[in-house]
Amino acid sequence: MFKLTRRYLLAGSSSLLLTTGPRDGAISAPVQTITIKVAAAPSIYQQAFASVIEAFKQHHPSVVVELIPAVREDEELVQRTLRSAIVGDLPDVLFISPNLMRLLVDRKLAIPLEEVGATAASLQSLGLIPGAEGMGQVVGRQYGTPLGVSTPVIAYNAELVRKAGADSDHFPNTWPETISLISRIHQSDPGIVGGFFEYDNTGNWTYKALVATLGGRMMSPDDKVILFDDPKGLEALRVLRAFARAGQGAVDMTRDQARQAFSAGRIGVLVTSSGALPGLERQANGVFTLNAAPLPLGSEDGKVPAAGTVAMILTKDDGKRRAAWQLLQFALGVEAQTIIGRQTGLVSVNRRALEDPDRLGSYMKDRPNQGAAVTQLSRLTEWYAFPGENSIRISDTIKRHLQAVLTLKRTPEEALASMRTEVGALLGT
C-alpha cells in the first residue's frame, strides 16, 4: 500500500494547508483546497485516468481534481486545447500522446517541468526506470512525465521462424540477421509474407524508431539541419526495401489489415506496437504461438521513441502548478502505475511496480511478450515531431515515400532524395 510520508506531503505544497485533525481538543482550522482541471486522451483510457485521480484524492484531499470528459483521439484534444488557449481557458494538466507535445511547447503553452523540481534524479527516486524520462523530453528539456508506454516491437510466428531454421526463443538482435530471417520465411512459402513493417502509424512512429535504432536523427538538436538524409537514414530505407522484397511489396496493406493477416498466420514477422500485443495474442490463440522481441539495435547509440501517454502542466498559476506537480509525482508512483499497467495496454514505467509480485510482477509474468517493451524502457527517447505549422503535412509526405519504398515503386536512394527536398520545402530550409 502506498504510504503518505511527511516528505511527500510537504514536497511542493507550501500553498496548501493539509490538516491532521484536532489535537488536545483544539478546533482544527478549515482545510484550504485548490482545484485543478485535467484534460485527457484517448478516451479508451478514461477509466484508468479516473482511477488514478481517485487514488490521488485519497492521499491529497486538499486538491480537487476535475477530470474533463476524455476525447476519442489525442489530435482532437490538441486542437481543443489550442482553441481554449485563445479564450484563456486552458486545462491545468494534460494527459496526451508524446508526439503531440511539440505543438504545445512551440506555442509556449507547456511549462518546463524543471521549474517545479523535475530532474532525472527526482523522477527516478519515485521509481521511474532510468532513461524513461526521455519519453517526456522535447529539444532536451523535460516537458512531460510518462504515464504508460508503448514501444515498437517485433511480433513473430514461432512456427514459421522454426520452419525457416531459426531459434524461435532467441530472435535476431541485429537488422541484417532479421532481414535474413524474413527472407528465408518468404522463400520457404511464397504464399507467406516473410515480414511486414507497419509504416502508416501516426507521426511516422515506427519509421522514426527504425532511424533511431540505427543511431540516426531526423534533425539536428537545434532543429535547423535535416539529418535523416545521412547514411543512417539511407540504411533505414534499405531495411524497408528488404521487407518489401520479403513479401510486403506485393501486399500493400494498412496496419489493421496487416495485423489481421498476421493473426491468421499469413505473416511471419510483424513490426508493430507493444500496445497491440494483447489483441494479437487473443486473435492468434489456437492458430500459432506468438512471441515478441525488442527492435534490433543497429548502433550502440540506438534509441527507441516511445508512444503511450505523458502528463504535462499548462497552468501558469503558482499554487495550481504545485498541486499539478503533486499529481504528476503520484502518477509516477507505484500505486498509480499499477493501475495504468492493469487497466490499459500500456507498460508501467515504475520499476518497483513491475518487480513487486503484489503489484505488477505476477501480472507481467503471465504476459511474457510485454517483456519486449520493458527491455526497451531504459533507452527511450522523444518521439520527434518536426517544428512549425507543417508538422502534420511533413508526416504525410514521409508516409507517402515510405509506401513507395515498401511497394518497390522507388529505390531507397530515389525516395530519400525526394523526401529530403519536399520536407525541406515544408520546413523552409
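This note sets out the overall form of the chain and then the setting of a single residue, Ser51, in a predicted model.

1. Secondary structure. The chain contains both kinds of regular element, with 18 helices and 13 strands.

2. Overall dimensions. The C-alpha trace spans about 85 × 50 × 35 Å along its principal axes. The radius of gyration of the chain is 23 Å; a compact globule of 429 residues would have a value near 22 Å, so the chain agrees with that expectation.

3. Burial and contacts. Of the 429 residues in the chain, 56% are buried. When contacts between residues at least 6 apart in sequence are considered, 76% of them join residues at least 24 apart.

4. Surface and charge. The exposed area of the chain is about 18200 Å², and carbon and sulfur atoms supply 50% of that area. As for charged side chains, 45 are positive and 43 are negative. The centres of these two sets lie 1 Å apart.

5. Position of Ser51. This residue belongs to helix H2, which covers residues 46-59. Ser51 has a relative accessible area of 16%. Because buried means under 20% relative accessible area, Ser51 counts as buried.

6. Partners of Ser51. Once its neighbours within four places in sequence are left aside, Ser51 is in contact with Ile339 and Gln343. A reader wishing to locate this site in the structure may therefore begin from helix H2, where Ser51 is buried, and then look to Ile339 and Gln343 as its contacts.

Methods:
Residues are numbered from 1 along each chain as its sequence is written. This is a predicted model: local features need pLDDT of at least 70, side-chain atom pairs count only at pLDDT 80 or more; totals for chains, interfaces and linings use all residues. Side-chain values use heavy atoms; hydrogens and water are left out. Helices (H or I, at least four residues) and strands (E, at least two) are DSSP runs, numbered from the N terminus. The radius of gyration is taken over C-alpha atoms; the globule rule is 2.2 Å times the number of residues to the power 0.38. Buried means under 20% relative accessible area, exposed over 50%, partly exposed in between (1.4 Å probe, protein chains only). Contact means heavy atoms within 4.5 Å. Accessible areas come from the Shrake-Rupley method with a 1.4 Å probe; for residues, only the protein chains shown count as cover. Lys and Arg count as positive and Asp and Glu as negative; His and the chain ends are not counted. The place of a charge is taken as NZ of Lys, CZ of Arg, CG of Asp or CD of Glu.
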